[in-house]
Amino acid sequence: MNTLKARGLLKLSFLCALCLAMTACQSIVRSDVSTFREEGAVLGEGTIFVSAADAVNADDKATTESLEFRFFKDKLTKRLQRAGYVPADKGTAQYHATLSYGVIRQEKDKPDTRVVIGGHFGYYPHYPRGSLLITDVSGTEFEYVREVNVLIDRVASGTNDSAPVLQVKAISLGRCEHLSVVYDEMLEAIFADLNRPNGSVVKVSVKGEANCP
């Protein structure tokens, strides 16, 4: 009986360890999503085409036909389809989506490099009261600011005129300098709700498989 009980505890411990390992391998990409929209605009229906935001027009081969842009464009097009839009050619589409993106490296602010004195002098969150913390301030760490911008314009029928109906920007901070690694998660954050209030900024966490979120 004791042997069976021991085996059961061993099996339970193994399952718990396995669950913890799987959880540790799963990364989370956190994005700040800001939304600006035309009040009353109907989103998620109609035909649409996608081009680069910095292209002169959709036929700018230097931008829109690069393999990198095509990679990001195709993923955005699929997300627009899932949202209810129908891909179409320029000149026939009711809406025009423009995409821009980028990554910036910046110095990381490290709270653990501060000198904090507690006790009767005060209390600071994340540090024990009544302690003196001195850490090595040498050595610079960097983090990466990943940004994805999507703008949707309504195209006037038979003309080249357009009017913006939705602008969404997602920004995430992390260790990974490659946007392609976290792009799916950032798109998920954007398309989780296209009908967010005008001027809203929300934090969205998306689980992913990125090794360096």
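Color the chain by secondary structure and follow it from the N terminus: the elements come in the order α-β-β-α-α-β-β-β-β-β-β-α-β. That makes four helices and nine strands in the protein chain. Helices here are DSSP runs of H or I with at least four residues, strands are runs of E with at least two, and both are numbered from the N terminus.

Before you click further, two housekeeping notes. This is a predicted model, in which local features need pLDDT of at least 70 and side-chain atom pairs count only at pLDDT 80 or more, while totals for chains, interfaces and linings use all residues. Residues are numbered from 1 along each chain as its sequence is written, and side-chain values use heavy atoms, with hydrogens and water left out.

**The whole chain**

Switch on the surface. It comes to about 13,800 Å² of accessible area, and 55% of that belongs to carbon and sulfur atoms. Accessible areas come from the Shrake-Rupley method with a 1.4 Å probe, and for residues only the protein chains shown count as cover. Of the 213 residues, 32% count as buried. Buried means under 20% relative accessible area, exposed means over 50%, and partly exposed is in between (1.4 Å probe, protein chains only).

Now think about contacts, meaning heavy atoms within 4.5 Å. Take those between residues at least 6 apart in sequence: 75% of them join residues at least 24 apart.

**Strand β1 and its partners**

Select β1, residues 27–37. Which strands pair with β1? One is β9, which runs antiparallel to β1 over eight bridges; another is β8, also antiparallel, with seven bridges. Two strands pair if DSSP finds at least two bridges between them. To see the register, pick S27 and look across to G208 in β9. Then pick D32, which has I171 opposite in β8.

Stay in β1 and click T35. Is T35 buried or exposed? T35 is buried, because its relative accessible area is 1%. Show its surroundings, leaving out neighbours within four places in sequence, and you get contacts with L166, Q167, V168, R196, P197, N198, G199 and S200.

**The salt bridges**

Next, show the charged side chains. Side chains of opposite charge can pair when their charged atoms come close. A salt bridge here is a side-chain nitrogen of Lys or Arg within 4 Å of a carboxyl oxygen of Asp or Glu, and by that rule the count comes to four. Here are three stops, with N to O distances:

- D32 and K203 meet at 3.0 Å. This pair links strand β1 to strand β9, across 171 residues of sequence. D32 is partly exposed at 32% relative accessibility, whereas K203 is exposed at 70%.
- E38 and R154 meet at 2.8 Å. E38 sits in the loop between β1 and β2 (47–52) and R154 in strand β7, so the pair ties together parts 116 residues apart in sequence. E38 is partly exposed at 32%, and R154 is partly exposed at 31%.
- D184 and K75 meet at 3.2 Å. D184 is in helix α4 and K75 in helix α3, 109 residues apart. D184 counts as partly exposed at 40%, and K75 is partly exposed at 24%.

**Helix α4**

D184 has already brought you to helix α4, so select the helix itself, residues 179–191. Its 13 residues should span 18 Å at 1.5 Å a residue (the expected span is 1.5 Å times one less than the number of residues), and the end C-alpha atoms are 17 Å apart, which agrees. Look along the axis for a kink of about 25° centred on E185. The bend at a residue is the angle between axes fitted to the seven residues ending there and the seven starting there.

Which residues of α4 are buried? They are L179, V182, Y183, E185, M186, L187, A189, I190 and F191. Their cover includes β1, α3 (67–83), β4 (95–107), β7, β8 (162–174) and β9 (201–208).

**Last stop: V145**

Finish in strand β7, residues 142–155, by clicking V145. V145 counts as buried because its relative accessibility is 14%. Draw a C-alpha distance from V145 to V103 and you should read 5.5 Å, though the two are 42 residues apart along the chain. Not counting residues up to four places away in sequence, V145 touches G102, V103, I104, Q106, I171, S172 and L173. You have met I171 before, opposite D32.
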